[in-house]
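This report looks at a bound ligand and its surroundings. The sequence and the structure come first.

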Amino acid sequence: GGGTNVSEEVEHTIVGIEPGAGATVATEEAVETYDSLNGWEHETASTAAMLTSLGDAIKAEEPVVVVGWSPHYMFAKWDLKYLEDPEGAYGGSEQITTLARTGFEEEYPGAYQILEKIGWDISTLEELMLKAQETPIEEVAQTWIDENQDKVDEWIAEAPEGEGKSIELVMTPWDSERLTGNMTKRVLEQKGYEVTLTPVDPAIVFEALAQGDADATLAAWLPKTHGSFYEEHKDNLVKVNEAITGAKIGLAVPEYMDIESIEDLEP
Ligand code: PBE
């Protein structure tokens with residue numbers, strides 16, 4: 001069937017992303033779970049390399065199977081579809097969750113109240129990420145703040161002042177998190193906090209919070225993508241808010257490919 005041809009054409013290879021990503025672990029699980037992926041290679045390198053492979057394949061109208069996720073501009077830029085995942089190797093709908101270290105709420109009541117309110121919808125973030133292809137992400141974040149000051153005012157109005165206290169935010173290095181991290185930093189700064197924003201691998205986000213080396217993050221994809229990190233450290237973490245709902249990870253292919261499910265691939 002169509003699956004045999006495309007599986008051969010892509011040389012039984014999934015184009016993955018960074019080794020430290022939650023989506024990478026989920027893809028390893030998918031390769032173990034599905035008979036259709038028996039003997040497949042899961043190539044990991046970087047998000048940039050994956051996007052280059054995807055763009056090249058689409059330009060040539062060739063098949064390609066990549067590790068994809070939403071929110072990301074890939075779904076705005078190209079016609080892509082997720083392959084159905086009947087075994088649930090990639091989980092379902094995810095919440096990008098705001099986490100704090102234990103004790104943060106007591107020490108930073110104002111920031112905590114603000115973090116409880118901050119959130120965006122997926123379509124807003126995808127639009128901003130597309131903009132960030134041409135404009136530095138810090139600038140995209142600042143422009144969003146400038147154009148949405150009424151919303152920011154709602155978030156910060158009732159919170160106590162920060163009075164110059166320092167907050168360490170950690171994030172993962174993907175665009176979605178760099179964007180929400182940079183917007184959050186600017187919101188907290190408006191209330192008088194000093195905010196540092198540090199990009200680290202997902203495992204380090206959770207360790208830094210659990211050990212009290214960082215204060216908060218807006219980068220936790222739950223329940224699946226970062227679920228094992230969360231389980232390991234949850235006794236020392238506080239769930240503050242679901243800042244973004246309806247996120248997703250999975251295997252993605254161009255619309256023109258004649259397959260619908262991971263089970264349509266062939267070993
Ligand atoms: N992602 C984007 C990350 C989190 C944000 C889905 C590629 C991951 O850890 O898989």
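The model is predicted. Start with the make-up of the shell around the ligand. By class, this shell holds 8 nonpolar, 3 polar and 1 charged residues.

Which residues surround the ligand? They are I17, A21, G22, A23, W69, W174, E177, P202, W221, T225, H226 and I249. Tryptophan appears here as W69, W174 and W221. Isoleucine appears as I17 and I249.

**Polar contacts**

Oxygen atoms of the ligand pair with polar atoms of G22, A23 and H226. G22 contributes a backbone N or O atom. A23 also offers a polar backbone atom. From H226 comes a polar side-chain atom.

| Residue | Protein atom | Distance to a ligand oxygen atom |
|---|---|---|
| G22 | backbone N or O | 2.8 Å |
| A23 | polar backbone atom | 2.8 Å |
| H226 | polar side-chain atom | 2.7 Å |

How much of the ligand's exposed area does the protein bury? Taken alone, the ligand exposes 290 Å², and the protein buries 100% of that. The ligand sits in the largest cavity.

**Domains**

The protein is divided into two parts: domain 1 covers 2-92 + 249-264, and domain 2 covers 94-247. Domain 1 is thus written as two segments, domain 2 as one. Taken over C-alpha atoms, the centres of domain 1 and domain 2 are 28 Å apart. Across the boundary, 22 residues of domain 1 are in contact with 17 residues of domain 2.

Why does the ligand lie between the domains? Both domain 1 and domain 2 give residues to the shell around the ligand, so the ligand lies between them.

Conventions. Residues numbered from 1 in each chain as written. Predicted model: local features only at pLDDT ≥ 70, side-chain atom pairs only at ≥ 80, totals over all residues. Heavy atoms only, no water. Near = heavy atom within 4 Å. Polar contact = N/O pair within 3.5 Å; in protein donor to acceptor, adjacent residues only side chain to side chain. Areas by Shrake-Rupley, 256 points an atom, 1.4 Å probe, with all protein chains shown as cover. 1 Å grid on protein atoms, 1.4 Å probe; cavity = no way out; pocket = protein on both sides within 12 Å on 5 of 7 lines; lining within 4 Å. Sits in = over half its atoms within 2 Å of the grid points. Nonpolar A, V, L, I, M, F, W, Y, C, P; charged D, E, K, R; others polar. Domains from an automatic or database assignment. Contact = heavy atoms within 4.5 Å.
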